[in-house]
Amino acid sequence: MILKVFDLSKSYEKNSVVRSVSFDINHSDYVAIVGPSGSGKTTLLSLLTGMLKPTSGEISYNNEKLSRLSKSGLSRKRATDVGLIFQFSELIGSLSVRENILLPAVFTGKFSPDEYNEKCDYLIEKLELNDISNKLPRMLSGGQIQKAAIARSLINDPDILLADEPSGDLDPENSALVRELFSEYNKNGLTILLVTHDMKLAFDAKTIYEMRDGQFTRTLK
Ligand SMILES: Nc1ncnc2c1ncn2[C@@H]1O[C@H](COP(=O)(O)OP(=O)(O)OP(=O)(O)O)[C@@H](O)[C@H]1O
Ligand SMILES: [Mg+2]
């Protein structure tokens with residue numbers, strides 16, 4: 001089991017945003033969480049990244065409790081083993097698209113420079129970023145920034161991808177590119193947990209959970 005979430009809750013003062021959520025994710029699973037705005041999806045993902053501390057409950061990756069990891073251990077894990085796509089992605093303004101995609105490589109050195117360049121070329125090709133790979137973020141559309149952030153999240157070949165609305169800024173054609181890429185990586189063993197309002201993307205997943213008022217209410221698939 002790659003991820004185990006047990007009785008996880010998060011409150012802001014009296015407002016319970018995530019309420020006693022439990023679920024497991026196995027290696028190579030593809031899981032989508034859907035649900036209305038404000039139901040706690042982004043909060044749940046932030047808890048899973050370790051960037052937000054839960055009020056109670058436990059999260060384990062490969063049987064290792066997230067709460068036991070040191071700050072540096074947590075950062076290392078996030079950089080090497082976990083791919084992250086945020087709901088509102090940001091790129092480093094002074095770096096080109098290609099440099100942004102390769103940035104996690106600088107921090108982790110998981111692969112050789114040649115391997116990183118090869119992976120980067122592949123992701124640029126797959127996401128049709130060729131024409132903009134040398135541009136700075138301020139010259140890009142929201143959708144182009146989102147695609148670059150998706151490429152960046154996969155450059156280290158993570159064990160698990162946590163993605164919050166990865167196709168939120170994309171038109172149907174570009175959403176299809178992302179869906180294809182995710183399905184391909186999942187077939188090759190990547191575990192995916194994503195949050196989405198895009199039902200086409202959700203239905204690519206093997207399992208769909210519905211979240212309402214901070215709780216998992218139904219399994220839709
Ligand atoms: N830092 C915070 N302090 C207080 N309340 C917060 C905080 N962050 C989120 N909330 C509240 O938690 C609830 C859930 O927010 P969250 O962002 O997790 O929703 P969501 O399901 O991701 O919604 P959307 O689909 O619109 O992205 C909201 O009511 C929000 O106001
Ligand atoms: Mg959200």
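A crossing of two helices is left-handed if the near helix is turned anticlockwise from the far one by less than a right angle, and right-handed if clockwise. In this predicted model, local features require pLDDT of at least 70 and side-chain atom pairs pLDDT 80 or more, whereas totals for chains, interfaces and linings use all residues. Residues are numbered from 1 along each chain as its sequence is written, and side-chain values use heavy atoms, without hydrogens or water.

Helices are DSSP runs (H or I, at least four residues), numbered from the N terminus. The crossing of helix 3 with helix 4 is right-handed. The axes of helix 3 (residues 97–108) and helix 4 (residues 113–126) come within 10 Å and cross at roughly 145 degrees, with axes fitted to C-alpha atoms over the stretch in contact and angles running from 0 to 180 degrees between N-to-C directions. Contact (heavy atoms within 4.5 Å) involves R98, I101, L102, A105 and T108 of helix 3 and Y116, N117, C120, D121 and I124 of helix 4.

Ligand 1 is surrounded by Y12, V17, P36, S37, G38, S39, G40, K41, T42, T43, Q87 and H197, each with a heavy atom within 4 Å. Helix 1 (residues 41–49) supplies the largest share of this shell, 3 residues. Polar contacts (pairs of N or O atoms within 3.5 Å) link oxygen atoms of ligand 1 to the side chain of S37 at 2.8 Å, to the side chain of H197 at 2.9 Å and to a backbone N or O atom of G40 at 3.1 Å.

Definitions and conventions
Chains are lettered from A and ligands numbered from 1 in the order in which they are written. Helices (H or I, at least four residues) and strands (E, at least two) are DSSP runs, numbered from the N terminus. A polar contact is a pair of N or O atoms within 3.5 Å; within protein, one must be able to donate a hydrogen and the other to accept it, and residues adjacent in sequence count only if both atoms are side-chain atoms.
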